[in-house]
Amino acid sequence: MTGVGDAGGMGRGRTLLFAVAGGAAVGNLYWAQPLLDDIATDLGVAPATAGLLVTLTQVGYALGILLLVPLGDVADRRRLVPGVLAASAVALLAAALAPGFTTLLVALALVGTTTVAGQLLIPLAGDLADPAQRGRVVGTIASGVLTGILLSRTVSGVIAGAAGWRSVYVVAAVVAVVLAVLLHRALPQLPPRERLGYPRLIGSVFGVVRAHRAVRVTLVISASVFAVFTMFWTALTFLLSSAPFGYSTTAIGAVGLVGLAGAVAAQRVGRLHDRGWSVPVIGGALVLVLLSLVVAGLGARSIVVVLVAVLLLDVGVQAANVLNQTRLFAIDPAARSRLNTAFVTGNFVGGAVGSAVAAVLWDAGGWTAVTIGAAVLIGFATTVWAVHRHRALALPGRDERGPA
């Protein structure tokens, strides 16, 4: 069994380290969400103004994905990944020490830009993993990233409650430094990568997408699924804060913990790719998401039914997400980081559109309008899957007809 620090493969130790590092890194995007009132009071700004901290962190993350993640295809990742983590530690410490709101805004934008270690580690794991285990490994790391997203708000609230909001960023900076050291020791020496100038490298992200029809089809499906995901969760906040529920922000946040089932699904579903079942299972995941929307639309006044819908939706979305990402890595092994850039960027755009559409549909027709709109979109994704599943989605050299 290959362990952490071994030169070959992705053993359990190295896979676990990648999962923890990915989850810790992406958690940096969400520390501020439960802290906005405390930060606004401490720095003397309005709560609505404090909300810009979350927005700027996300914008920084989008820039980091586009400008830094493609470097994984050409740079020495034994230096790149720890270097990115070290840079995020500096930005986190700057946030902890920020004397005013403007300084904090700039620091958190830099936190977003540098917190892309997880999106560098996933394609790296695709390179290091044996092809027969790639789905399992990628699924496990994706599960770690999702867990980091789900738990970050809770962890942030607990630390801030004990020692103030600035302590959250101090702790995060220390964790980033520790992970940078561990990863520098754990990552193997890798062969030289393709030599490519930086402007050409960034431009080649679009070239890789144009070159492969399977990439374009996969990106359309994945962005549509992620748009549905953000539509649902944006509107769910509106639903649970209004009658008959009237839940507090804390209670609504607790509902999100049901999404941990999605993290478990992400960890398990990658094995189905390894068995050649990814195409049919993606179709099944899309149907599961559609079913969740039907359940949600019919049971909007029952918290039990809503929780069932949340469970079904998260399992379906995360299953589709992991399988789509794993399949992309098999299309062009030399461009995995650039493919991951396209994948995450597409999901980011889909998520932004989904959030905006959710607000419009909520104003137009409430929860019913949102679930119907989301069902139409997931129906579109399912149609794209059905039309292309035998040709455009087929991977070279793989029998993906699924179980007999």
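Q: Does leucine 182 count as buried, partly exposed or exposed?
A: This is a predicted model, so every value here is computed from it. Leucine 182 is found in helix H9. Buried means under 20% relative accessible area and exposed means over 50%, with partly exposed in between. Leucine 182 has a relative accessibility of 36%, so the term for it is partly exposed.

Q: Which helix gives the most residues to the nonpolar patch that includes Leu182?
A: The patch lies on the surface and is formed by Leu93, Leu97, Val170, Val174, Val178 and Leu182, with about 510 Å² of accessible area together. Two elements give two or more residues to the patch: helix H5 (77-97) and helix H9 (165-186). With four residues, the one that gives the most is H9.

Q: What kind of aromatic pair do phenylalanine 226 and phenylalanine 229 form?
A: The structure holds seven aromatic pairs. In the pair of phenylalanine 226 and phenylalanine 229, the ring centres are 5.6 Å apart and the planes are at 35 degrees. Planes under 30 degrees apart count as stacked and those over 60 as edge-to-face, with the rest called tilted. By that rule this pair is tilted.

Q: Where do phenylalanine 226 and phenylalanine 229 lie, and which of them is buried?
A: Both residues lie in helix H11 (residues 213-241), three residues apart, which is about one turn of the helix. Phenylalanine 226 has a relative accessible area of 25%, so that residue is partly exposed. With 16%, the buried one is phenylalanine 229.

Q: How many residues apart in sequence are the parts tied together by phenylalanine 232 and tryptophan 367?
A: Phenylalanine 232 and tryptophan 367 form an edge-to-face pair, 5.5 Å centre to centre, with 65 degrees between the planes. Phenylalanine 232 is in helix H11 and tryptophan 367 is in helix H16 (residues 336-388), so the pair ties together parts whose separation in sequence is 135 residues.

Q: Are phenylalanine 232 and tryptophan 367 buried or exposed?
A: Phenylalanine 232 has a relative accessible area of 2%, which makes this residue buried. Tryptophan 367 has a relative accessibility of 6%, and this residue also counts as buried. Both belong to an aromatic cluster with Phe226, Phe229 and Trp233. For phenylalanine 232 and tryptophan 367, then, the word is buried.

Q: Which helix holds the arginine that pairs with aspartate 42?
A: Side chains of opposite charge can pair when their charged atoms come close. Here arginine 166 forms a salt bridge with aspartate 42, with the closest N and O atoms 3.5 Å apart. Aspartate 42 lies in helix H2 (residues 36-43), while arginine 166 lies in helix H9.

Q: What relative accessible area does aspartate 73, the salt-bridge partner of arginine 338, have?
A: In this salt bridge the closest N and O atoms are 2.8 Å apart. Arginine 338 lies in helix H16 and aspartate 73 in the loop between H4 and H5, so the pair ties together parts that are 265 residues apart in sequence. Arginine 338 is buried, with a relative accessible area of 5%. Aspartate 73 is buried as well, and its value is 1%.

Q: Which residues are joined with Asp127 into one salt-bridge network?
A: Arginine 336 forms a salt bridge with aspartate 127, the closest N and O atoms being 2.5 Å apart. This pair links distant parts of the chain, with arginine 336 in helix H16 and aspartate 127 in helix H7 (residues 117-128), 209 residues apart. Through shared partners, the residues joined with Asp127 are Arg77 and Arg336.

Q: What distance separates the C-alpha atoms of arginine 134 and glycine 270?
A: Arginine 134 is found in helix H8 (residues 134-163) and counts as buried at 11% relative accessibility. Leaving aside neighbours within four places in sequence, the contacts of arginine 134 include Asp274 and Arg336. Glycine 270 is 136 residues away along the chain, yet the two C-alpha atoms are separated by 7.7 Å.

Q: Which proline is joined to alanine 243 by a cis peptide bond?
A: Most peptide bonds are trans. The bond after alanine 243 is cis, with omega of about 5 degrees. Its proline sits in the loop between H11 and helix H12 (249-255), and the residue is proline 244.

Key:
Residues numbered from 1 in each chain as written. Predicted model: local features only at pLDDT ≥ 70, side-chain atom pairs only at ≥ 80, totals over all residues. Heavy atoms only, no water. Patch = residues over 30% accessible without salt bridge, like charges linked within 9 Å, V, L, I, M, F, W, Y side chains within 5 Å. Areas by Shrake-Rupley, 256 points an atom, 1.4 Å probe, with all protein chains shown as cover. Salt bridge = Lys/Arg side-chain N within 4 Å of Asp/Glu carboxyl O. Buried < 20%, exposed > 50% of the residue type's maximum accessible area, 1.4 Å probe, protein only. Phe/Tyr/Trp six-rings, centres within 6.5 Å; stacked < 30°, edge-to-face > 60°. Contact = heavy atoms within 4.5 Å.
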